[in-house]
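Visitor: I would like a close look at a single part of this protein, the place where one helix is enclosed by others. Please take me through it slowly, and set it in the context of the whole chain.

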Amino acid sequence: MLESLGLEPVQQQAYEALVDGAVTVAELRTALGLSAARVRETLDALEKLGLVGRYPGERRGEQRFLPVAPEAAFESLLLAREEAIHRTRRHIQLLATRFRANAAARDPVDLVEIVTGRAAVIQQVDQLQHSATSEIRGIDRPPYANSDPDRLDPKTGMMPVQAKTMRRGISYRVIYDTHGLETFHRINTDIEACAELGEDARVMADTPTKLLVADDRVALLPLRSAPHEMASSVVVHPSGLLDALCEFFEVLWARALPLSAYLAGRPNGAGDAPTPDEARLLALLTTGLTDQVMARQLGVSYRTFQRRLSGLMERLGAGTRFQLGMRAASLGWVSQPAEGAVRIGPGPGAGETA
């Protein structure tokens, strides 16, 4: 854990042994299983770092080594490391400025690169998110390169790299394709976890492509228009093509339906707030999924889904799904799309009753 501050593993072990009560070279030898010379060498290094103090033994006994209190001992190391990170970030920003200044003179071939192989695509997805300084924009639809269980948080279903990126202040705007909600994502796990961290999500049917954009600086999209697996992608650097992709996202964003505002417990109007189950149900009703898929997303039977829907309609005094949408919007429970119409669900599937 302390390697990030420049400590070697043996130095960390020695300091922790001192914290746990060892005070002499002999005690440290027993605790660490090292030679006396190695222990003394480690103690000398810790003393130079200001982490350990050396004191004479009682009645000419063996020297005692006591640790400096951790909160005081590591503060200077933390400050030095933070300053080094700030200097590195400033240098990277200068390099980025020089990169953009020289972009116009580059060969057009250098503005687009092809990434082949699933592992390389996954690495590029992670790298793009790590590189963001302001915002990530994405169109999420199958297929998924990051679908292996070891690539997802077992509790939330999120990609850990996204959670880490959001926690350092990077905003996310994501358009979820309904097909991805049918086959991969879960409202009550990863979609809700992303919303709680601040992701602004919308939903749309039949999105034309996957897309990931970091700031206005780099984009990633599949090489093929309808791939069966994520085996290759195109990385687009600052260019007219990147500008077009950014504008393309904004056009789709304006047409997509809001999804995450009420999932995160942030109703945007007055009146009684929906319960968590009602919020999830309303979120699903705006996705365009069939009733059977929505029931599966909620983890309930089709009959239970219909009962919950009827209960919500009764609570809001709505006789139809359209009226339910209007009532929910008037209470601020459901955001309205850009064109001003409130749309709640597709209704039952073919041959079903409402």
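Guide: What follows looks at helix α11 and the helices around it, after a few words on the whole protein.

The model is predicted, and the values quoted here are computed from it. The protein has 14 helices and ten strands, and of its 354 residues 45% are buried. Among contacts with a separation of 6 or more, 68% join residues that lie 24 or more positions apart.

The largest nonpolar core contains 51 residues, and those with the most contacts inside it are Ile-136, Tyr-176, Leu-259, Leu-285, Phe-305 and Leu-324. Helix α11, residues 276–285, gives this core its largest share, which is five residues. A second core of 19 residues is separate, and includes Leu-5, Ala-14, Tyr-15 and Phe-65. In soluble globular proteins, nonpolar side chains tend to be buried together.

As for α11 itself, eight of its ten residues are buried, so the helix is largely enclosed by the rest of the structure. The buried residues are Glu-278, Ala-279, Arg-280, Leu-281, Leu-282, Ala-283, Leu-284 and Leu-285, and they pack against α9 (187–196), α12, α13 and α14.

Of these neighbours, α12 can be described through its crossing with α11: the two axes come within 10 Å and cross at roughly 145 degrees, and the crossing is right-handed. On the α11 side the contact is made by Arg-280, Leu-281, Leu-284 and Leu-285, while α12 contributes Met-294, Gln-297 and Leu-298. By class, the residues of this contact are five nonpolar, one polar and one charged.

The next neighbour to consider is α13, residues 302–315, whose 14 residues should span 20 Å at 1.5 Å a residue; the C-alpha atoms at its ends are 20 Å apart, which agrees with that expectation. Its buried residues are Thr-304, Phe-305, Gln-306, Leu-309, Leu-312 and Met-313, and what covers them includes α11, α12 (291–298) and α14 (321–330). Phe-305, already named among the core residues with the most contacts, touches Leu-281, Leu-285, Asp-291, Met-294, Ala-295, Leu-298 and Val-300, leaving aside residues up to four places away in sequence. Gln-306, also in α13, counts as buried because its relative accessible area is 15%, where the cut-off is under 20%. The C-alpha atom of Gln-306 is separated by 9.8 Å from that of Gln-292, which is 14 residues away along the chain. After α13 comes Gly-317, with a positive phi near 70 degrees.

For a second helix pair to set beside α11 and α12, one may turn to α1 (residues 9–19) and α2 (residues 25–32), whose axes come within 10 Å and cross at roughly 115 degrees, in a crossing that is right-handed. Here Gln-13, Ala-14, Ala-17 and Leu-18 of α1 meet Leu-28, Ala-31 and Leu-32 of α2, and by class this contact has six nonpolar residues, one polar residue and no charged residues. Ala-14, one of the residues on the α1 side, is also included in the second core.

Technical notes:
Residues are numbered from 1 along each chain as its sequence is written. This is a predicted model: local features need pLDDT of at least 70, side-chain atom pairs count only at pLDDT 80 or more; totals for chains, interfaces and linings use all residues. Side-chain values use heavy atoms; hydrogens and water are left out. A nonpolar core is a set of buried Ala, Val, Leu, Ile, Met, Phe, Trp, Tyr and Cys residues joined through side-chain atoms within 4.5 Å. Buried means under 20% relative accessible area, exposed over 50%, partly exposed in between (1.4 Å probe, protein chains only). Helices (H or I, at least four residues) and strands (E, at least two) are DSSP runs, numbered from the N terminus. Contact means heavy atoms within 4.5 Å. The expected span of a helix is 1.5 Å times one less than its number of residues. Axes are lines fitted to C-alpha atoms, for helices over the stretch in contact, and angles run from 0 to 180 degrees between N-to-C directions. A crossing is left-handed if the near helix is turned anticlockwise from the far one by less than a right angle, and right-handed if clockwise. Ala, Val, Leu, Ile, Met, Phe, Trp, Tyr, Cys and Pro count as nonpolar, Asp, Glu, Lys and Arg as charged, and the others, Gly among them, as polar.
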